[in-house]
Amino acid sequence: ESVNTVMAELEIFSGVVDSIQVKKETALKMLEDEFIYATDVAEYLVNKKVSFKDAHRVVGEIVKHCADSMINISDLSITELKKFSDKFDGDVYALLNAEVSVEKKKTPGSTNPSLVKKEIARWKKKISG
């Protein structure tokens, strides 16, 4: 029964994938929302020896401040960012970028392009037998 269920789900999923139409302009516009890089900023702080709990709190405060002010994180000066944590330096702004974000993800199953390519190649080999 489980095999039949999975096969039915795969058939549905295949239809979904075949019919997806990605609007590049819309997708690129969505990547301008810097709040999606909050995890990257938290990891930045963790790499500067801030506990994850504190980094999470700091980034939450930054996101709330920016959302309330209707501004992006990059609109904050380094002086303003340092009010949230003295660990911030000018290099934090580079993290507010989709390409940098995916490149920094290096764990199996992540969005890192080189890992995605390896996974695609692995599955192509596995599928073709």
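Helices here are DSSP runs of H or I with at least four residues, numbered from the N terminus. With that settled, hello everyone, and thanks for coming. What I'm showing you is a predicted model.

Let's start with the fold. Which elements does the chain run through from the N terminus on? The order is α-α-α-α-α-α-α. That makes seven helices and zero strands.

Now the overall shape. The C-alpha atoms fill a box of roughly 55 × 30 × 30 Å along the principal axes. The chain has a radius of gyration of 20 Å, while a compact globule of 129 residues would come in near 14 Å. Buried residues account for 19% of the 129 residues. About 9900 Å² of the chain is exposed, and 59% of that area comes from carbon and sulfur atoms.

How are the contacts spread along the sequence? If we take contacts between residues at least 6 apart, 44% of them join residues at least 24 apart.

For those of you who think about charge, the chain has 20 positive and 21 negative charges, and their mean positions are 7 Å apart.

Let me zoom in on helix α3, which covers residues 38-47. Which residues of α3 are buried? They are Ala38, Asp40, Val41, Ala42, Tyr44 and Leu45. As a reminder, an α-helix has 3.6 residues a turn, so residues three or four places apart point the same way. And what do the buried residues of α3 pack against? Their partners are α4, residues 52-69, and α6. Just after α3 comes Lys49, with a positive phi of about 70°.

Tyr44 deserves a second look. How many aromatic pairs does the model have? The count comes to one. The partners are Tyr44 and Phe88, and their rings are stacked, at 5.9 Å centre to centre with 10° between the planes. Tyr44 sits in α3, whereas Phe88 is in the loop between α5 (78-84) and α6 (98-104), so this pair ties together parts that are 44 residues apart in sequence. Are these two buried or exposed? Both Tyr44 and Phe88 are buried.

One last stop: Glu80, which belongs to helix α5. Why do I call Glu80 partly exposed? Its relative accessible area is 33%, and partly exposed covers the range between under 20%, which is buried, and over 50%, which is exposed. Between the C-alpha atoms of Glu80 and Ile62 there are 9.7 Å, and the two residues are 18 apart along the chain.

That's my tour, and I'm happy to take questions!

Technical notes: Residues are numbered from 1 along each chain as its sequence is written. This is a predicted model: local features need pLDDT of at least 70, side-chain atom pairs count only at pLDDT 80 or more; totals for chains, interfaces and linings use all residues. Side-chain values use heavy atoms; hydrogens and water are left out. Helices (H or I, at least four residues) and strands (E, at least two) are DSSP runs, numbered from the N terminus. The radius of gyration is taken over C-alpha atoms; the globule rule is 2.2 Å times the number of residues to the power 0.38. Buried means under 20% relative accessible area, exposed over 50%, partly exposed in between (1.4 Å probe, protein chains only). Contact means heavy atoms within 4.5 Å. Accessible areas come from the Shrake-Rupley method with a 1.4 Å probe; for residues, only the protein chains shown count as cover. Lys and Arg count as positive and Asp and Glu as negative; His and the chain ends are not counted. The place of a charge is taken as NZ of Lys, CZ of Arg, CG of Asp or CD of Glu. Rings of Phe, Tyr and Trp (its six-membered ring) pair if their centres lie within 6.5 Å; planes under 30 degrees apart count as stacked, over 60 as edge-to-face and the rest as tilted.
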